[in-house]
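Here are some short exercises on empty space, helix packing and backbone geometry, each with a worked solution. Have your viewer ready and try each task before reading on.

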Amino acid sequence: MSHRHLMPLRTRAFTSAYERTARRDFANFTPEQIAEDRAKVMPTRPPASWVTGAVPDGVTFSTAQIPMRDGTTIRARIARTRSAAAHAPVIIYYHGGGWTLSNPANYDSLTGYLASTLGAVVVGPDYRKAPQDKAPQASFDAYDSLLWVASRPSEVDATGPIAVAGDSAGGNLSAVVSLMARDLEGPTIAGQALIYPATDLTRSHPSSRWREEAVLTGESMDFFLEAYLNEADVTAEDPLVSPLWASSHADLPPCLIQTAECDPLVDEGERYGAILEAAGVPTRVTRYAQMPHGFMSFPGVAPVAAQARSELSRCLRDWLSTSPKTR
């Protein structure tokens, strides 16, 4: 089954060209080759930015080291505007890439947009990834990043409320962190924004078995889950990797879930929204018609990406403006 024919011509042409020129056979890559690939950073200037979107004027980026529970550190990329106030809110943005690929710098357009439109400090942790680091290492790194931000380090220099957000694997981590913060009596999270998130790694939802979709194919899903879960300390049913399987979803932060019609993750994302609503969590679920997985990252060829970014910004603004000003 394929829904490619539903996509707008411009989006379909881009995804086809992307797959012809950028598709890689990761199943045959060595771990060292995967690590080399994930370190690559997409250009932020034209012509690349005509597809990915430009970084807004006035946004600056810096790097910090976040201490982890095992004594190591991970890098974080921090976006802010020069005018960000001392009481600015903080958004922790967990990037996508199947818990295996990519890095925070590839999200400069989106994190820069959030920093600019919300006057926020946006922290992007470069959590450890598979196959070198199996599940649930990414979940622990994501939660430890929240603890670090909540400790108000000088590198963040903002005392406002905290929200979490992320796309795909990063949406998964945002949901997992929200559960961990509740269960461990951790820092208050003003809201969680889950962009086409993976919520059920058992692949028990019909769309998760689609094979021929654009961007996120059945083959790539096979690879990501094998890299993340094979020989891991947890199974696919563990809430540390599949938030949908948590025993309770009550008392979680308000949630935005944005799904894409032509995405294998559409069913589990929308199912998670229904579960949160049933548990009494204020939840908004928006399906973006005719869009593939990842569309928020290429607004130049995905006509509704600007609308999705605007919705994301509005929800974050609402949560952050009504949450306590200090942590």
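**Exercise 1. How do the residues that line the largest pocket divide by class, and where does this lining come from?**

Step 1. By class, the lining holds 25 nonpolar, twelve polar and twelve charged residues. Here Ala, Val, Leu, Ile, Met, Phe, Trp, Tyr, Cys and Pro count as nonpolar, Asp, Glu, Lys and Arg as charged, and the others, Gly among them, as polar.

A word on the ground rules: this is a predicted model, in which local features need pLDDT of at least 70 and side-chain atom pairs count only at pLDDT 80 or more, while totals for chains, interfaces and linings use all residues. Residues are numbered from 1 along each chain as its sequence is written, and side-chain values use heavy atoms, with hydrogens and water left out.

Step 2. The largest pocket encloses about 1,400 Å³. On a 1 Å grid over the protein atoms alone, a pocket is an open set of points with protein on both sides within 12 Å along at least five of seven lines, a cavity is a set where a 1.4 Å probe fits but cannot get out, and lining residues have an atom within 4 Å of a point. Grid points are joined across faces, edges and corners, and a volume is the space filled by probe spheres set on the points.

Step 3. Of its 49 lining residues, Tyr18, Arg24, Leu101, Val215 and Phe224 are the closest to the centre of the largest pocket. Two or more residues each come from helix 1 (9–22), helix 2 (31–38), helix 3 (48–52) and helix 7 (218–229). Helix 7 gives the most, with six residues. Helices (H or I, at least four residues) and strands (E, at least two) are DSSP runs, numbered from the N terminus.

**Exercise 2. How many cavities of 30 Å³ or more does the structure hold, and which residues lie closest to the centre of the largest cavity?**

Step 1. There are two such cavities.

Step 2. The largest cavity has a volume of about 130 Å³. Thr52, Asn106, Tyr107, Asp108 and Ser109 are the closest to its centre among 15 lining residues. Helix 4 supplies the largest share of this lining, three residues.

Step 3. The second largest cavity holds about 60 Å³. Of its 13 lining residues, the closest to the centre are Arg77, Pro104, Thr111, Val123 and Gly124. Strand 2 (73–81), helix 4 and strand 4 (121–125) each give at least two residues to this lining.

**Exercise 3. At what angle do helix 4 and helix 9 pack?**

Step 1. Helix 4 (residues 108–118) and helix 9 (residues 305–322) pack at about 45°, with axes 10 Å apart. Axes are lines fitted to C-alpha atoms, for helices over the stretch in contact, and angles run from 0 to 180 degrees between N-to-C directions.

Step 2. The two helices are therefore oblique to each other (angles under 35 degrees count as roughly parallel, over 145 as roughly antiparallel, 65 to 115 as roughly perpendicular and the rest as oblique).

Step 3. Among the residues in contact (heavy atoms within 4.5 Å) are Tyr113 and Leu114 of helix 4 and Leu312 and Leu316 of helix 9. By class, this contact has six nonpolar, four polar and two charged residues.

**Exercise 4. Which residues does a cis peptide bond join?**

Step 1. One cis bond joins Ala130 and Pro131, with omega about 0°.

Step 2. Another joins Ala135 and Pro136, with omega about 5°.

Step 3. Pro131 sits in the loop between strand 4 and helix 5, and Pro136 lies in the loop between strand 4 and helix 5 too.
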